[in-house]
Amino acid sequence: MYLTQEEEKLFNGERGATYQKAIEILAALGDIYGADRLIPIKSAQIAGVSYKTIGDAGLEWISDLKGKVVVPSILNPAGMDLECWHEMGISEDFAQKQEKIIKAYEALGVRIECSCTPYNIFDNLVGFGDHVAWSESSAISYANSVIGARTNREGGPSALAAALIGKTANYGFHLDENRKPVISIIVEAELHDSDYGALGYIVGEMMGDKVPLFKLKSKPSKDELKSLGAAMAASGAVALYHVSGVTPEAGKYETPKDKITIEERQIKEVYSSGKPDLIAFGCPHSSVSELERLAQLLNGKKVKKEVWICTSRAIKNKHPELIKRIEKSGAKVFCDTCMVVSPASERFTCMMVNSGKAHKYVPNLCGVKSIMATTEECVEAAVRD
Ligand code: F3S
């Protein structure tokens, strides 16, 4: 891959070991995937934040880096609410390690906002056609598909490397030819709310990393697209999808001839019932409208089980009245973290979720049984004795 003179200097270590390591990572990826050059990015979203997932080795790696990011960069959810971790049942030892990780990122100039929905927090991170380096799979899917920005499925280290250099290697979803849909998904059902997560749960498994084009009967909201993409990125490796008449690039392409039809029956089969001891919302992190809906559904009720609602700290801070209305029911609103990346959920035996992504990850990453249900059913289960 071609490097400019300036990039060569970084590569040769003229600005120190951290920048050298960073550009080595980008150049290695570029060489593997046949990139011609590095291209500037507008922002980075960096995974590898929870101590649960990166452990001591990750903490040590980040702590050894010396430098500053050069583009707006934010973090993925950490392993705990950075303020209310006691309330989550997190141990002192875990909390100390988690705080060290956060401090190490802060020293590199990364904004300490730990969220998988950065597009709901800051306006300056991403727009149509922008190149970015994001690494949380649902955020990648949203950026590529719903916003029409361009990012590969970055790992935590490569997103951090891109943030330090301000560039990423020009391959994969940065190039027009890889954004074309290759298979049509015809959905023979009217979908609503968590049905989109259930659809993503099914289709992701069928797709692997292919780019699908959906033909839907219903018109999804941005939150519903968020759920669809998150689930497909978890049960498969889908980083970009199009929805006819809805997403910004769908009209650019011909409808692929290969097709799969999804029936209502298949969507319904993803749902089940049971006796959860934790009911968790907010995968991906809840938007203001999702919180508003939960506040309405919980209005005048008291929860009888542990209920967590995960969102970003920026949204929680900006909407104190809304949060109070939710908390009046006894439900807990946690920030900076989620039910999957926090070890706190591991003490429960059965989690009910309204998210296709959480439904996929909870059994494997938390060792907890998962039940997927609609948002209304989750609230009903929460307030039932
Ligand atoms: Fe976000 Fe955690 Fe789900 S990072 S997408 S809430 S698994």
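Reading the strands, helix α5 and the ligand shell

An open sheet of four strands has the order β4-β3-β2-β5, and its pairing is parallel. The model is predicted.

Me: What makes β4 and β5 the edges of this sheet?
Reply: Each of β4 and β5 (133-134) has a single partner strand, so one side of each is left without a neighbour in the sheet.

Me: How do you know that β2 and β5 pair?
Reply: Two strands pair if there are at least two bridges between them. β2 and β5 are joined over two bridges, in the parallel sense, so the condition of at least two bridges is met. Across this pairing, Ala 44 stands opposite Ala 133 in β5.

Me: How do you know that the length of helix α5 (residues 92-107) agrees with what is expected?
Reply: At 1.5 Å a residue, the 16 residues of α5 should span 22 Å. The C-alpha atoms at the ends of α5 are 22 Å apart, which agrees.

Me: Why are some residues of α5 called buried, and which are they?
Reply: Buried means under 20% relative accessible area. In α5 this holds for Phe 94, Ala 95, Lys 97, Gln 98, Ile 101, Ile 102, Ala 104 and Tyr 105.

Me: What do the buried residues of α5 pack against?
Reply: They pack against several elements, including β2 (44-46), β3 (73-75) and β4 (111-114). The helices α3 (51-63), α4 (85-88) and α7 (156-165) are also among the elements they pack against. Just after α5, Gly 109 takes a positive phi of about 90°.

Me: How do you know that β7 (residues 183-188) and β8 (residues 212-215) pair?
Reply: Four bridges join these parallel strands, and at least two are needed, so they count as a pair. The bridge partner of Ser 184 is Leu 213 in β8. With helix α8 (residues 195-207) added, β7 and β8 make a right-handed β-α-β unit.

Me: What makes a β-α-β unit with β8 and β9?
Reply: Helix α9 (residues 222-235) completes a right-handed unit with these two strands. β8 pairs with β9 (residues 242-243) in the parallel sense over two bridges, and Phe 214 has Val 243 in β9 as its bridge partner.

Me: Which residues surround the ligand, and how do they divide?
Reply: The residues are Pro 77, Cys 116, Glu 136, Ser 138, Gly 282, Cys 283, Pro 284, Cys 338, Val 340 and Lys 357. They divide into six nonpolar, two polar and two charged. Gly counts as polar. Strand β11 (residues 278-286) gives the most to this shell, with three residues.

Methods: Residues numbered from 1 in each chain as written. Predicted model: local features only at pLDDT ≥ 70, side-chain atom pairs only at ≥ 80, totals over all residues. Heavy atoms only, no water. Expected span 1.5 Å × (residues − 1). Buried < 20%, exposed > 50% of the residue type's maximum accessible area, 1.4 Å probe, protein only. Contact = heavy atoms within 4.5 Å. Right-handed = clockwise from strand over helix to strand, strands pointing away. Near = heavy atom within 4 Å.
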